[in-house]
Amino acid sequence: MRAVQIRKYSKNIQVEINDIETPQIQSHEVLIRVKAAGVNPLDILNMNGSVRMIADYKLPLTLGNELSGVIEAVGDDVLKFKVGDKVYTRLPLNKIGAFAEYAAVHEDALSIMPENLSFIEAAAVPLTALTAYQALHDVLRAEPNKKLFIPGGTGGFGAMAIPIAKSMGLTVITSGSERGRSRTLSIGADQYINYKTEHYADILSDIDYVIDTLGAEEIKAELSILKPQGKLVSLKAGPNYRFAADSHFPMWKKALFGLVGARLDSMARKNQNEYRFMFVHSSGSQLQKITALIEKEDIKPSIDSTYTFDEIEKALIKVSTGHSQGKVILTF
């Protein structure tokens, strides 16, 4: 089968399309013929080695973190799925490789695709939807009737995070450019701030939760709008000791991440707030709940563009520039 691989970590986008063996499935795995795969900023981080401290891989590495496809074979002990099922998944951290014609995936990481989505649309969902679900449910433990701010919520993440947050009874405020306003309000946002004409820190106060998508340079401003005991979870700014402890990392990693995150923890404590960092993990059971919500509310992910398998470098370049309005998808 053909697969997109890297042989070394590099700041440049350098990938190879190689012929490798089709994976053999274990007893609890299924073999999926990949129909589409989401291309994400995480793939750039996997490629340049930025997340090696969280997830270190043997090289050569087949890239790709999320996919949709059809099951072609099932392991002897698989109970939940059968040949022919249309499925989608955020691949387990220790076994990525969505940019390939086939993938062997543990059944616990899988869900049946939403009936209202195509393979291309379904491939845009797992990573962002699970990130939003885990941020809101597992990390923030968000309660109804509270206020959530998502800066830069017009892309692929916001398209999933806003409906999930609304289903939990939250008031959702987000920011972005003017061209994202109508779509963002149409999927449930209660308030929209045009970042080019207004700064959210001048407008907002008494916010209960922030999901940071922008990174370390925005944390101070984001913390400033939280009420005391408010919580901020970052997808980008950097890990801290608590993240390392929750991830059951060895003591040396806890100490290292404690040093790395000390400034962010200190900034949060000044305002009596809590800083958290998260890295999304696979979960078939959570993805099934997301599937039910997508079907019930007829949610559609935001798709920026699609590329064929042979155009993988173009797709990665598109994602690396940060200018996509929604998800970039690789098709097979």
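This report covers a strand pair, a helix pair and one buried residue in a predicted model.

## Basis

The model is predicted: local features need pLDDT of at least 70, side-chain atom pairs count only at pLDDT 80 or more, and totals for chains, interfaces and linings use all residues. Residues are numbered from 1 along each chain as its sequence is written, and side-chain values use heavy atoms, with hydrogens and water left out.

## Strands β3 and β7

Strand β7 spans residues 102-106. Four of its five residues are buried (under 20% relative accessible area, 1.4 Å probe, protein chains only). The strand is therefore largely enclosed by the rest of the structure.

Strand β3 (residues 29-39) runs antiparallel to β7, and five bridges join them. L31 stands opposite A104 in β7.

## Helices α3 and α4

Helix α3 covers residues 126-139, and helix α4 covers residues 156-167. They pack at an angle of about 45°, with axes 8 Å apart. That makes α3 oblique to α4 (neither under 35 degrees, nor over 145, nor 65 to 115). The crossing is right-handed.

Contact means heavy atoms within 4.5 Å. From α3, T128, A129, T131, A132, Y133 and L136 meet G156, F157, M160, A161, I164 and A165 in α4. This contact has nine nonpolar, three polar and no charged residues.

## Residue V328

V328 lies in strand β16 (residues 327-331). Its relative accessibility is 1%, so V328 counts as buried. Leaving out residues up to four places away in sequence, V328 touches A37, G38, V39, D304, S305, Y307, A315, K318 and V319.

V328 and A161 are 167 residues apart in sequence. In space, they are 17 Å apart, C-alpha to C-alpha.

Notes: Buried < 20%, exposed > 50% of the residue type's maximum accessible area, 1.4 Å probe, protein only. Helix = DSSP H or I, 4+ residues; strand = E, 2+ residues; numbered from the N terminus. Pairing = 2+ DSSP bridges. Axes fitted to C-alpha atoms, helices over the stretch in contact; angles between N-to-C directions. Left-handed = near helix turned anticlockwise from the far one by under 90°. Nonpolar A, V, L, I, M, F, W, Y, C, P; charged D, E, K, R; others polar.
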